Amino acid sequence: MTPSLRTMNHQESQKLEKVNSLEMRDMGFIERDSSDGLDDNHDQDEHSESSQFHEAVDESDSSEDEVAPRNTIGDVPLEWYKDEKHIGYDIAGKRITKKERQDKLDSFLASADDSKNWRKIYDEYNDEEVELTKEETKLIRRLLKGKAPHTEFDPYAPYVDWFKWDDAKHPLSNAPEPKRRFIPSKWESKKVVEYVRAIRKGLIKFEKPKEDPRFYLLWGDDSSSADRTKHLAYIPPPKPKLPGHEESYNPSLEYIPTQEEINSYQLMYEEDRPKFIPKRFTSFRSIPAYENAIKDSFERCLDLYLCPRVRKKRINIDPESLKPKLPSRKDLRPYPVTCYLEYRGHKGAVLSISVEPSGQWIASGSKDGTVRIWEVETGRCLRLWEVGEAVQHVAWNPLPELPVLAVSAGPDVLILNTGFGNEEEQKKIKELLHMGTPTSSDDSDDMSSFLSWVQDEKHDCIRLRHYRTVSSIEWHRKGDYLSTVMLAGESRAILIHQLSKKLTQRLPFKLHGLPVSSVFHPTRSIFFVATKKNVRVYDLLKQKLIKKLETQLREVSSIAVHSAGDNVIVGSKEGKLCWFDMDLSSKPYKTLKCHPKDITNVAFHRSYPLFASCSDDCTAYVFHGMVYADLNQNPLIVPLEILRGHTSSDGRGVMDCKFHPRQPWLFTAGADSLIKLYCN
C-alpha cells in the first residue's frame, strides 16, 4: 500500500470517528436518502463511483493529501481547555483561539437556509466545521447499516486453501491424545469442594428469588405497594372516609335523627352541622339521586389538587422509652397523702399560716381580721387576736426560745407575744417588745417619713407602720432580723428591721421591677428578692449582686429556698413551677406545668426531700426533690401526690401551704376558711 493511500485511509478513519460522536446528525443522513437522490439500492452505481474514487486515490502521489491536524496538543483531553480562551497550539507553537459559536436560534435559521447544512460536522479538536463529500456520506450510510465501508469488499469470498495436500501421507501432528483429556481434573474437584464448604458455613449466600405476594390488602395504603415506593416523588393522597352504618339505605332506627334533632342542626354553625343526615328507604328503587354528588366530587378534587403533601420521615420509637425512669412512689415514702385534721374557726379566707419551730403550734391569719394559734395535734384554738384588718401574712420567729409572731395587716406589722415559754423567756420577750417612747427607725429624718416604731397598748406589742400595704414577711435564721416587702417599685419597698435595736434599713440596691417576695439564705448572708420577672440574689456583707435568675415566666408569685441553700423553687401565676440549681445555671433546671391556675405559694421541707405547691385550683401538689452532695449528679424530681379537699370561694382556692418542721406533714390554708393537715 502506498503512503498516500495509507494517509487517505487514516483521514477517513478520523472523519468516521467524528461522525460517530454526532450520531443524531448521522441519523439524518438515513432520513434524507430519498431526498438527495443517493439511494443505496443502486449498488452498481455505488460500485462504479467508489471504484473510480479508489482508483484516483491509488494514482495520487501528491503530498497535499497528507494534511496534518492544525491542533498539536496530542491526546490531551479537550476538557482541560474548557475554561480557557484557546483550544490548543498550532505547529508553530501559537495559541489557537476559540471561535465564537452561534446561539441556537441563529444556527437553526442558518441550517434552514442552507440545503447542505446536514453534511456539516463540527470538529471539536480543530474548532472548525467540516463538510462531508458524497463519497464520505455513502461510507457512513454503509457503516450505519452494518455493511463494509467499501463496496468492492466481498464478505462471502470463496475459501482459499493455502496448504498443499499433494503427496502428503501423514497429518500435520500425529501425536497421541494426552491423558488429561480423559481424566477428571483434580484442581476443579478441589475448587468444587471449597465452594461446597463455603456454602455450608454460610460464607457464600445466594439471593433468594423474590416471590410476588399472592394476597394484598384491598383497603390498604397505596404507599406500601412496591411499584409506588420505587418513585420517591410519589406521595399517596389521603383516602376518603369509608361509609358506615349511617350511609346505609336502610339503617337502624337508632341512626335516624328525630325532627327535633334535625331542627337543632339548623341552629348550629355550618362547620359543626353534620353534612349527611341518614334516611330510610324500603328498597333500592326508591333511593333518589344524591343531591351533593357533584359537589362532593368537586371538593374531593380540590382537596387532591390544592392540599399540599410533604413526605416526612418517621422514626418508630416507643413513647414510653423516652420517659425518664423514675423510682416508684412506694420507695419514696413517707410523704403526705390523706387529710388527717381540719382547723375550723375562721369566718373568712385564711390567707397565711406559719408553723412554730418545734412543730407544736400553728398560727393563721385570715381575711376576717383575726390571728389564731392552734394546737397541731388536737386542733384547739389557744390564742385569738382581732387586728381589725385583713391579715396578709404571718411568720413565726425561727428561734424556739423566742416565741413571737410577726403579723402584717394593711400597712402595719405587729410583733405579737404568743405567751408560750417559761417565765424567764416571757420576761425577756416583754423587755424586747417594750418601747419607752416612739422612735424613728434611724437617726435620719428621711426614714421616719415612711416608717415608724410604735408601742401598741391594745395588744401589748410593737407596731411597725409602713407607708404602703405589707404583702410578705420573712425572718432571718438568727431571729433578730425581719424583712418586709411592699408592692412598690422603689428601693424602700423592701425593708430589713432589727428587733433588738429597733432599727430599720433599706436595701442598698436598686430594684429592677416590682418586688413580690423576699427570702433569707438558710446558712449564709445572702438575700433573695423575687420580682415579677426575675429573682435577684444579693450578698448583704459585700453589698453586691451575686446572680440573676431568669425565670422566663409571665409573673412570679412565690419563692422558696432549699435547706442547703443551693436550690430555689419559684411559683408563677400561670401555673408553672421552676426549679433552679444555682451551681448549674441561671436558667431553670426544670419547669413543671402542674397547676391549671395561679400558684399561690411554694414550700420546701426542712429535713425530708419534699417540696409542695398550692394553687387556686383547690389542689396542692407534693413532689420528691432529692438534692445530692455530688455536684455531678443533678437533682431528682418526682411528682408524688395531688392533695384535694378545699373548695373554691370567690375564684380562690388554696392560699398557703407549709410543711411541719419535723414530720412529713403538710398544712394548707384555703379560701373556704379551713386549715387542713395532710399526713402520711
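This is a short tour of a predicted model, stop by stop, with residues to select in your viewer.

**Stop 1: the core**

Start by selecting Ile415 and Ile462. These two have the most contacts inside the largest nonpolar core, a group of 22 residues. To see where that core comes from, colour a few elements: strand S11 (404-409), strand S12 (412-417), helix H11 (423-432), strand S14 (451-456), strand S15 (461-466), strand S16 (470-475) and strand S17 (481-486) each give at least two residues to it. Which strand supplies the largest share of this core? That's S16, with 3 residues.

Now keep Ile415 selected and show its neighbours. Leaving aside residues up to four places away in sequence, Ile415 touches Val404, Leu405 and Ala406, then Leu433, then Cys461, Ile462 and Leu464, and finally Leu482 and Leu499. One of those neighbours, Cys461, is worth a click: it counts as buried, because its relative accessibility is 0%.

**Stop 2: a buried charged pair**

Stay with strands S12 and S15 and pick Asp412 and Arg463. Their side chains form a salt bridge, with 2.8 Å from N to O. This pair ties together distant parts of the chain: Arg463 sits in strand S15 and Asp412 in strand S12, 51 residues apart. Are these two buried or exposed? Both Arg463 and Asp412 are buried.

**Stop 3: more salt bridges**

Across the whole structure, a search turns up 13 salt bridges. Here are a few others to look for.

Select Arg380 and Glu375, whose side chains meet at 2.8 Å, N to O. The two ends of this bridge sit in unlike surroundings: Arg380 is partly exposed at 48% relative accessibility, while Glu375 is buried at 15%.

Next, move to helix H6 (residues 186-201) and show Lys191 and Glu194. Their side chains form a salt bridge of 3.8 Å, N to O. Because they are 3 residues apart in the helix, about one helical turn separates Glu194 from Lys191. Glu194 counts as partly exposed, at 47% relative accessibility, and Lys191 is also partly exposed, at 32%.

For a group rather than a pair, select Glu342, Arg344 and Lys676: salt bridges link them in a network.

**Stop 4: a four-stranded sheet**

Now go to strand S24 (556-561) and strand S27 (590-593). They are the edge strands of an open sheet, each pairing on one side only. The sheet has 4 strands in the order S24-S25-S26-S27, and the pairing is antiparallel. Turn the view a little and you can follow the twist, which averages 20° from one strand to the next.

Zoom in on strand S26 (residues 576-581) and its partner S27: the two run antiparallel and are joined by 4 bridges. What stands opposite Trp579? Lys590, over in S27.

**Stop 5: a lone cysteine**

While you're at S26, click Cys578. Cys578 is buried, since its relative accessible area is 0%. Now show Cys594 as well, and look at the gap between the sulfurs. Why is there no bond here? The sulfur in Cys594 is the closest cysteine sulfur to that of Cys578, yet it lies 10.0 Å away, which is too far for a bond. A disulfide is a covalent bond between the sulfur atoms of two cysteines. If you go looking for one elsewhere, you won't find it: the structure has 0 disulfides.

Technical notes: Residues are numbered from 1 along each chain as its sequence is written. This is a predicted model: local features need pLDDT of at least 70, side-chain atom pairs count only at pLDDT 80 or more; totals for chains, interfaces and linings use all residues. Side-chain values use heavy atoms; hydrogens and water are left out. A disulfide is a pair of cysteine sulfur atoms within 2.5 Å. Buried means under 20% relative accessible area, exposed over 50%, partly exposed in between (1.4 Å probe, protein chains only). Two strands pair if DSSP finds at least two bridges between them. Axes are lines fitted to C-alpha atoms, for helices over the stretch in contact, and angles run from 0 to 180 degrees between N-to-C directions. A nonpolar core is a set of buried Ala, Val, Leu, Ile, Met, Phe, Trp, Tyr and Cys residues joined through side-chain atoms within 4.5 Å. Contact means heavy atoms within 4.5 Å. A salt bridge is a side-chain nitrogen of Lys or Arg within 4 Å of a carboxyl oxygen of Asp or Glu.
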